[in-house]
Each structure stands twice: as C-alpha cells, then as structure tokens.
Amino acid sequence: MELIDNLVVKEALVKREKDSNKGTFGSLLTICGSYSMAGAGILAGKGALRSGIGLLKMALPESIYPIIAWAIFESVYYPLKGNESGTLSKKETPFLLKKADECRAVLIGCGMQNNSDTRFITRSFIERCSKPLILDADALNSIADDVSILKNANSPVIITPHPGEMARLINNTVSYVQENREEVAKAFAKENRVYVVLKGYKTIVATPDGRAKVNNTGNPGMATGGSGDVLAGIISSLVAQNPAKSFECACAGVYVHGLAGDIAKDKLGEISMLPTDLIDCLPEAFKKCN
C-alpha cells in the first residue's frame, strides 16, 4: 500500500496569492459540541483555524455558546435551540441546511452526542446537503444501524472512524477491524461510496474507487481523547479550501496531524501531550511540509 508523504500536503493546499482574501480560502460550517462535550467543538474549531480556513462558522447549542465563544474568538457563531439533553434540536435542521449552502464544506459530529435529534440532523445532511461532508464521532454512531444511507449522499463524504466506531459501522468486533485494517477500510469505502479515514496506528485513507494510502507520522502520545476532534477539524478545513480534492485533503490532514504529534513529542514527550499541543504544533508542521 502506498505511503502518504509531505508532497500530498502541497497538493491539497491552495496557493496563497498576494491578493487573497478570506473568501479565497473557503468557509467551513461545524455542527459540533453539546452540553457535556463542549471541548470537542473547541478542538475541532481550533484545528480548522490553524489549518488555514478562511472563515469558520460554528453551529452549536446555545447552552455552550459562552464556553466556546470564550475559547475561540475567530469564529462566526450560530447559537441554536437545544433539547433536554443539551444537544441541538432537529427543529434547527432547515436553518442548518441553509447555512451549509453558504459554505464549502460541513463537519458534523464532534461531541454532538447520539440521540433522535442528532440522528435526524445527520441523516438530513447526508441526503440533502450539496457540500462535502466530514462525518466524525457521533455522526457515525448515529448511522451505525443503517449505513446504507451513505449511498444516498449527493456530495462527497469523508468518514473518520476510530476502530471502535468502524466496528459498529460494519457490525463486527474491534479486533476484527484491527486485524484487517486495509481490507475493512477499502471494502467500506467502495461499498458505501465514501472516503474512509480509519484512524489508529498507521492510519489508512481509502477511496470509493479502491485506492488506499497509509500514514506513518504520529506516535502513541496522541492516543488521548480529543486528538480525533483536532484531526476532523484539520481535514474539514483543507476540504473547505480545496473541495475538488477530497482524497488529497484527507491524506494531507492525516499526515500533518501526525507530524504535529511528532513535533509535540519532541518538545513534551509522549506522556504529557494533550490535543491542544497538537494544535499549537500545527504551524510548524505546515511549515515543514511547505
């Protein structure tokens, strides 16, 4: 299987001309976070911002707006009505779809939680959104009982499961996924016509047409809650900047994410690394690739 290298980062990135403006580098809508998991939205948003997005737009339950707005100054916010669980209400779906039309890509799932409202939102976006979708975490859990809905998507879809989420999507065990990582990623991508980023040691990126690449950046210090949210933000940011290159953007996001982890390891060691350290190391990672 072909190895992902730093050249793919150059392929994914849009050249920054002198007369560029924020519109040049796209806008990203994130539908992330809930009352008990505001941090996931923050990590995804900061990952996206450090990866060059022109404009970040964050839709979130109004209950966590003060927390996230205090942490991220650079975003446009849509604080929306939540339900009793502190997640977004499905009543906001028409508004969310309208805002998605104004963006180049949409990230759904980080810290969103899985209930009837969030399942309705996720499924509505898969079937009705015309912009590239990145589905992470609870967006994946919300379709695990019927992944065939992915075949109804009318835009490119990138899914970013860890082995546990992948096991739920294929109704099998984590050990089976780990023992057959390449085959599982390629088969799911081809069957459901999506791009699969199967996270973990030597992350695999597979395409609907049967291609796959493996990544060798990263280290065990990244094995902590929140690292995947940062990755989802990075990939989504790159896709919003260059929507025509979903595969290259997914590969580039995985590579840079791991490289930032390696830089953080050199500075801090594996034991004390945090997902926020990955975000802090992204500028150096991009500079190394450029």
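Mentor: A crossing of two helices is right-handed if the near helix is turned clockwise from the far one by less than a right angle, and left-handed if anticlockwise. The model is predicted, with local features needing pLDDT of at least 70, side-chain atom pairs counting only at pLDDT 80 or more, and totals for chains, interfaces and linings using all residues. Residues are numbered from 1 along each chain as its sequence is written, and side-chain values use heavy atoms, with hydrogens and water left out.

Trainee: What is the handedness of the crossing of H2 and H10?

Mentor: Helices (H or I, at least four residues) and strands (E, at least two) are DSSP runs numbered from the N terminus, and the two in question are H2, residues 38-49, and H10, residues 227-241. Their axes, lines fitted to C-alpha atoms over the stretch in contact, with angles from 0 to 180 degrees between N-to-C directions, lie 7 Å apart at an angle of about 40°. That angle makes H2 oblique to H10 (under 35 degrees is roughly parallel, over 145 roughly antiparallel, 65 to 115 roughly perpendicular and the rest oblique). Ala 40, Leu 43, Ala 44, Gly 47 and Ala 48 of H2 meet Asp 229, Val 230, Gly 233, Ile 234 and Ser 237 of H10 (contact being heavy atoms within 4.5 Å), and the crossing is right-handed.

Trainee: How does H11 stand to H12, roughly parallel or roughly perpendicular, and which line of reasoning leads there?

Mentor: Helix H11 covers residues 246-268 and helix H12 residues 275-289, and the two pack with axes 7 Å apart at an angle of about 110°. Because of that angle, H11 lies relative to H12 roughly perpendicular.

Trainee: Which residues of H12 are met by H10?

Mentor: The axes of H10 and H12 come within 9 Å and cross at roughly 35°, and H10 passes H12 in a right-handed crossing. From H10, the residues in this contact are Ser 227, Val 230, Ile 234 and Leu 238. Their counterparts in H12 are Pro 275, Leu 278, Ile 279, Leu 282 and Phe 286.

Trainee: Which strands stand at the edges of the sheet?

Mentor: The open sheet has 10 strands with mixed pairing, two strands being paired if DSSP finds at least two bridges between them, and its order is E1-E10-E9-E8-E7-E6-E5-E2-E3-E4. An edge strand has a single partner strand, so one side of it is left without a neighbour in the sheet, and this holds for E1 and E4.

Trainee: What is the bridge partner of Lys 57 in E4?

Mentor: Strand E3, residues 55-61, pairs with strand E4, residues 76-80, in the parallel sense over five bridges. Within E4, the partner of Lys 57 is Val 76.

Trainee: Which residue in E5 stands opposite Ile 31?

Mentor: Strand E2, residues 27-31, and strand E5, residues 105-108, run parallel and are joined by four bridges. Opposite Ile 31 in E5 stands Ile 108.

Trainee: At what angle does H9 run to E9?

Mentor: Helix H9, residues 181-192, lies across four strands, namely E7 (157-159), E8 (195-198), E9 (204-206) and E10 (212-214). Relative to E9, the helix H9 runs at about 25°.

Trainee: In which loop is Gln 113 found?

Mentor: Most residues other than glycine have a negative phi. Gln 113, although not a glycine, has a positive phi of about 75°, and Ala 137, in the loop between strand E6 (133-135) and helix H6 (138-141), has a positive value near 50°. The position of Gln 113 is the loop between E5 and helix H5 (116-128).
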